[in-house]
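Biologist: Please take me through this model, beginning with its ligand and ending with the contact between its chains.

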Amino acid sequence: MSRSLLASGSLGLRLLRREWHGGELAVLLLALTLAVTAISAVGFFTDRVGAAMERRAAEVLAADVVLRSRAPLPDRFEARAKETGLKTAATVTLPTVVAGEERTQLIDLRAVDPAYPLRGEIQVADAPFRPGRPVESLIELGEAWVDARVLARLDLAVGDALTLGDHELRISQVLAGLPDEGIGFADVAPAVLVHSDELSATGLAREGSRVTHRLLVAGDRAAIRNWRQWAESELEEGQSLQDVSESRQEIGAAITRAESFLGLAALVSVLVAAVAVALSAREWARRRLDAVAVMKTLGAGQGKVLGLYLSQLLSIGLVGGGLGLAGGWLAQWGLVAILGGLLGETLPAAEPMGPVMTGLGTSLVLLLGFALPPLLKLRRTPPARVLRRESGPPEVGAWLVYGLALAAISILILSQARDLGLALQLLLVGGATLALLLAGGLLVITLVRRLGGRFGSAWRQGLGNLARYPGRSLALITAVGLGLMVLTLLSTVRGDLLDGWRATLPEDAANHFLINIQPDERKGVMEALDELGARNQTFSPLIRGRLVAINGEDVDDLTLPTERGRRFVQRDANLSWMDTLQADNRVVAGDWWDGSEHGEALVSLEEDIAEALGVGLGDRLSYRIGGREVELEISNLRSVRWDSFNTNFFVVTPPGTLEDAPLTWIASVYLPEEARGRLTALVRDYPSVTIIDVESILAQVRQIMDRASLAVEYVFAFTLLAGLIVLFAAVQASRDQRRFESALVRALGGRRRHVYATVVTEFGSAGALAGLLAGLGAALGGWLMAERVFELSYQPPLWLLPAVMGAGALLLAVAGWVASRRVVTRSALLVLREE
Amino acid sequence: MAESRDTAMLRAEGLVKQVSSPGGPLTIVDQVSLSVAPGESLAIVGASGSGKSTLLGLLAGLDLPTRGRVYLGEDCLTDLDEDGRAAVRARQVGFVFQSFHLLPGLTALENVMLPLELNGHPRPREVAQAALERVGLAARSGHYPRQLSGGEQQRVAIARAYAPGPALLFADEPTGNLDNRTGEKIRDLIFDLNAAEGTTLVLVTHDQRLAARCERRIGLDDGRLVSADEEATA
Ligand SMILES: Nc1ncnc2c1ncn2[C@@H]1O[C@H](COP(=O)(O)OP(=O)(O)O)[C@@H](O)[C@H]1O
Ligand SMILES: [Mg+2]
């Protein structure tokens, strides 16, 4: 059996070579290639961006992995890392106090190897609070690089001496930022950086001081994985490994949004290509009916026929997949050129396995989902067709055709889309559009049958053709309609939605955060900011609290569903209260509180955190806040646009609930360029307040928004190409039949103009119908995407329906006209004789 | 002519073929029984639409009768499923059709190779080449069907039918699409090869000259067997 299958497979391949001419196989191959190109280009690219993001996130650690310990670290960790080609740097940090003439300041003393940091850069400035720039020199013995806050507070400047313990150092740089100085609203002591050999001289690292030893490791992705695994098994008491945590939420959110855009655009190309695959496979099978009947007459069984053509399909799938991967690999460079620079350094190389598997998988899934049904039908061609041409294979069950197609689409969407909910909704939109198209098509066909007599002759004949071949007409309408739907969807998404996204970051979006403002300082800080010309000030209360129990059960006894959830409960959380919902927040479950609920023990939770913790509406969270425990009931869940640059909180209560808790205030504010140098005064007056400058992140997010639309445009080109292939396949599908008919019409005295008019009527009305229904589907899909991906409100433009309808009619009419030119200009006799 | 069971090459018993039509069930083949001895040649003659092709399809197992049985050699075709019947055809049966039924994408040689390849013949090319030589088309082996005349196409089809060395050859109006002179050549070719190979031949035709060269003729009228002479006068 398997030998005969193999034999029929090899015969199939030889037949494939000999039967290439038909054209429909070329369309099939082209469609597959294009689909794989689009998906793998985006796949390769997002893999690289993902790696770059990880690397960027790694900056927060100043390394890819950090091994930390209270005691000095044994040498074997470093030795092993060096052996495998990884870079390392050791640091020792301890909190200590430096005294100035009038004041003292708690600092984070860091003794570092000159190789520090392995990821990210040390930012220095000419003077405190001036714009930072990457430092160019390495730290040397005798030097101290000192945080701007320390200098401002102790009234020191570059060139001054700084006494650390028993040792005196010269201040040689103003530190503006360290990659691993801590993110979020954590209140960390300002850093003083010294050479690692300096530490013993200070005499500060004594028995009992709070020293932390760290080994920073960075390098190749694979080598890091290996080292991490090995180190994990070597860990002793008191040693722990730290991984890349989440990157800056704003950039992460913007990039994720851009990526999901690209992914969606690629997916749409694949879906359009799927339509072309379905059409060309149908035509391919139809053209092989006679051959199959002959082969069966010559003694081939169904299994042989199946093996023969399956081998053809699979090899076309592999060739298409291979070509598509090559194309995708080339095409990703285009994306890299557009978007790559955003991530600073050069992008890490892609690890090819993922995209390659996705590419080949896509090709095979497309074939199995859309080309297998016609093949299964082909296999059942009755041999008696050689005697009676009318006899064709029985139709395969509709459930099989639609089931396979649906399964294929689901697999593609689910494997590609990052957002399952969105994917399912888009699937629904697609399904609804398909249903619309089928129902609309059938309705029109029925109507035309009824009313056929009332039109002029070419009109009648054109419309009559629609009704006369319902299978062919429905295929045309649904194929073109689905293609138009996704193309329209993507065009609107590209234009309106990208603009909407950009509009969420106005000119005066907050570019500074001020944290750790004491309640009694709030008014003063506000006034100082006003004086600096700050705009867009918002002050939010911030309460530190630790989640200790969920529904009365101690979190230590709970098994939380996700790693993220586990991390969340290990840290203090930032709570806040809010009267009205911020514009960049949306309630996704439950209701936002009204005035009557103020003061009640309620809480609003960000949806992802709720998921990470495995909690929902009505669950109770107990927080320990300043020695007291409060139990809060979850009254609603929110989604948050993290790339909005507003202060946002995972955990929010109504006003009045936590008012007695110890709190600080946090402000987000827009500071104009010229005001930034004058921040020193504010820092000196309010020494505990920390200022975080997010201007550069803001700029990055703006850039991502701009470039993302360009990149989507680029991927969109593939979708357009796929759409053209669909059009070609749709017109090609009826070519034989049409050629014969038009020859007949002309042989019977019809004029060319009449033939053209007939074709244009038939195709044009099919296109108009497809366009109308596609427009409806696209409007629905656009609205859904706006809601789900962009978190914006969106109203499909009014002109959408007539425009898509007109475009559909025009496109198909022209395609039909062009296609029939070849038919009409050939001699009628020749055509009829061939038939 | 009462062959015993084991000596018949082809035997049909009470074949009935009905199809449904808008005006109720239609009987196309009605109670046909016949038997063909090995090496014998039989012509089934009848007017167009009398059911000849349908009967031929039933005899070759291309289609199943509504009632009745067909035996081909040892095998009862009507007991087998489609694949089983195909396997029997692969071993024993060749076909020639009115409209040739060559695959347009294959050259003459490749068309002749097709049945050999489908059935795993070890040396399809040599055998096919030899078969083409016997029909006088060795020089045209690389041509595609559309580059050949009707008569040439039919000769290729005949080469394809004979190449696997079938025990039984079915022909459905093999000269139906050809002019008289070309038809004559094809007639000669079929009977010459038949004589040389000792193949059993069952052909349906309304070509009286073709029928005349067969050892035995039976007539078909509206799906029923009649004597050939009766049909001829009808
Ligand atoms: N499957 C079928 N369905 C309906 N009518 C059929 C079918 N098969 C054959 N016929 C009809 O039966 C009659 C006999 O057909 P056929 O066997 O081709 O006759 P012949 O070969 O003698 O011309 C014709 O009228 C044909 O249209
Ligand atoms: Mg016939």
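Modeller: In this predicted model, a nitrogen atom of ligand 1 lies 3.4 Å from an N or O atom in the side chain of Arg388(A).

Biologist: What makes Arg388(A) and ligand 1 a polar contact?

Modeller: The cut-off is 3.5 Å between N or O atoms. The pair with Arg388(A) is at 3.4 Å, and therefore counts as a polar contact. Oxygen atoms of ligand 1 also lie 2.7 Å from a polar backbone atom of Gly49(B) and 3.1 Å from a backbone N or O atom of Gly51(B). Alone, ligand 1 exposes 560 Å², and the protein buries 66% of that.

Biologist: Why is the site around ligand 1 called shared between chains?

Modeller: The site is shared because residues from chains A and B surround ligand 1. Among them are Arg388(A), Lys52(B) and Thr54(B). Helix 1 of chain B, residues 52-59, gives the most to this shell, with three residues.

Biologist: How do you know that Glu82(B) and Lys296(A) form a salt bridge?

Modeller: A salt bridge requires a side-chain nitrogen of Lys or Arg within 4 Å of a carboxyl oxygen of Asp or Glu. The N to O distance between Lys296(A) and Glu82(B) is 2.7 Å, so the pair qualifies. The count between chain A and chain B is one salt bridge.

Biologist: What is the area buried between chain A and chain B?

Modeller: About 2,300 Å² is buried there, with carbon and sulfur atoms giving 64%. In chain A, Arg18(A), Leu298(A) and Leu387(A) lose the most area to chain B, together 31% of what that side buries.

How values were computed: Residues numbered from 1 in each chain as written. Chains lettered and ligands numbered in written order. Predicted model: local features only at pLDDT ≥ 70, side-chain atom pairs only at ≥ 80, totals over all residues. Heavy atoms only, no water. Near = heavy atom within 4 Å. Polar contact = N/O pair within 3.5 Å; in protein donor to acceptor, adjacent residues only side chain to side chain. Areas by Shrake-Rupley, 256 points an atom, 1.4 Å probe, with all protein chains shown as cover. Helix = DSSP H or I, 4+ residues; strand = E, 2+ residues; numbered from the N terminus. Buried area = accessible area lost by both parts, 1.4 Å probe.
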